[in-house]
Amino acid sequence: MQVLLLLLAAAGLCWGQYNPNTLPKRNSIVHLFEWRWQDIAEECERYLAPNGFGGVQVSPPNENIVITSPNRPWWERYQPISYKICSRSGNEQQFRDMVARCNKVGVRIYVDAVVNHMCGAAGGSGTHSTCGSYFNTGKEDFPAVPYSGWDFNDGKCHTGSGNIENYGDMYQVRDCRLTGLLDLALSKDYVRSKIAEYMNNLIDMGVAGFRIDAAKHMWPGDIKGFLDKLHNLNTQWFSEGTRPFIYQEVIDLGGEPITGSQYFENGRVTEFKYGAKLGTVLRKWDGEKMAYLKNWGEGWGFVPSDRALVFVDNHDNQRGHGAGGASILTFWDARLYKMAVGFMLAHPYGFTRVMSSFRWPRHFENGKAVTINADTTCGNDWVCEHRWRQIRNMVIFRNVVDGEPFSNWWDNGSNQVAFGRGSKGFIIFNNDNWSLNASLQTGLPAGTYCDIISGQKEGDFCTAVEVHVAADGMADFLIGNEEDDPFIAIHVDAKL
């Protein structure tokens, strides 16, 4: 018995980093990009928990450089000065309050951990940082950590500029500066220990895991070096021995020596091909058709499902940075975007993250409050895609069909497709330039269902389209090509 317990404990240590630590039947997280801690706490309580969201990815909480020319850009958050919890989203007390309040209602917090580098070499010196800590980039002096010139990779980089010049050279990518950002020497135990100290502080506050920013620019073994130093999660909110969820930003579109699979031992990786390919298909570029999505996932050359963190767009590539290029769908392409997010949340591949944006170009002074309009949408220039009815209801759909197999695929050879999730849910899309009219096998029990895209079930009533499923599981579908939302989704909890 003792040997069995030891084996189970060892298995937890080996596999825990892939588990998002969400409550059962909560299968998606949302990135509340640039939200303030107090607004996230309120959103957990009033909206995310009641609608089945599993957790929130928050913006980097640590002290960063303040860039005031011409206005404060979002990316200053990715230029650390120290590991003090002090940013325009709020202070440490507000961060702790958010984590506790979100955990209390079963919504987990995942921190965007910027640990590959400190601020840019051109940052100068002074106290222009979110906590007022002194730093000097010329001397690589960050006394608030503390880091000194001994703690950076300058000696390991062999390019003339000190920056990455060739992405085909894995040594440059991992040992040189990413766009001038001072590259930390993660091979040193002291640096690993300071990073682990920062992350452990957050774990002890109750966070459930981390997005590792710029993981591609660190050696996998160096990441393992600080991950191995991390505490188990706080037992106030998690069962004893629970390991933090880890997902690493590894941009791997193919054709480079660094691949996502090199990072699997440490945790999941961000599958950037997912959004790039899905955008290409829905835009019908390069002759792509939705009919080709039948083997979506590993069949498209993606990483294994249990190692993937997937998304339609993220804070970088919706602005043309990062990966994916012009094919990436965003809220600006609302009609196609809702279809893409709907497809992602219905399909079993990967662990899903929904994006919640603000309209750009937009600059912050000290963190802008999120306001909620009477119709439950957001104001004050916040987009809040996670509050769009179609996306919220598909988050619920994913929870309802959890564990059910991919089933009953149908397509018209072009851009009309449908599939089920066992006996729990069914979804159908029309991305052609003509109407869809089809009688299809849904796999669902007989009855009348409410379409959760055009409306939703409220009590015993449906606010929009109703779908009648016959005793043999068949149902008739009609979707015009002019619809704002040319797709229909039904699931057993939306049965009238």
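**Disulfides and internal cavities**

At 32% relative accessibility, Cys 131 counts as partly exposed in this predicted model. Its disulfide partner is Cys 86, with the two sulfur atoms 2.0 Å apart. Cys 86 sits in strand S4 (residues 80-87) and Cys 131 in the loop between strand S8 (125-126) and strand S9 (135-136), so the bond ties together parts 45 residues apart in sequence. Cys 86, at 15% relative accessibility, counts as buried.

The structure holds 5 disulfides in total, and with the bonded cysteines numbered in sequence order the pairing reads 1-3, 2-4, 5-6, 7-8, 9-10. Another of these links joins Cys 44 to Cys 102, at an S to S distance of 2.1 Å. This pair connects helix H2 (residues 37-48) with helix H3 (residues 92-104), its cysteines being 58 residues apart. The torsion about the S-S bond of Cys 44 and Cys 102 is about 90 degrees, so this disulfide is right-handed. The link of Cys 450 and Cys 462 is right-handed too, with 75 degrees about its S-S bond, and both of these cysteines are buried.

Cys 119 makes a helpful contrast. Its sulfur lies 14 Å from the closest cysteine sulfur, that of Cys 131, which is too far for a bond.

Turning to internal space, the structure holds 3 cavities of 30 Å³ or more. The largest encloses about 40 Å³; 13 residues line this cavity, and Asn 153, Arg 174, Leu 184, Leu 186 and Asp 222 are the closest to its centre. The second largest cavity has a volume of about 40 Å³, and its lining comprises 4 nonpolar, 2 polar and 3 charged residues.

Definitions and conventions
Residues are numbered from 1 along each chain as its sequence is written. This is a predicted model: local features need pLDDT of at least 70, side-chain atom pairs count only at pLDDT 80 or more; totals for chains, interfaces and linings use all residues. Side-chain values use heavy atoms; hydrogens and water are left out. On a 1 Å grid over the protein atoms alone, a cavity is a set of points where a 1.4 Å probe fits but cannot get out, and a pocket is an open set with protein on both sides within 12 Å along at least five of seven lines; lining residues have an atom within 4 Å of a point. Grid points are joined across faces, edges and corners, and a volume is the space filled by probe spheres set on the points. Ala, Val, Leu, Ile, Met, Phe, Trp, Tyr, Cys and Pro count as nonpolar, Asp, Glu, Lys and Arg as charged, and the others, Gly among them, as polar. A disulfide is a pair of cysteine sulfur atoms within 2.5 Å. Helices (H or I, at least four residues) and strands (E, at least two) are DSSP runs, numbered from the N terminus. Buried means under 20% relative accessible area, exposed over 50%, partly exposed in between (1.4 Å probe, protein chains only).
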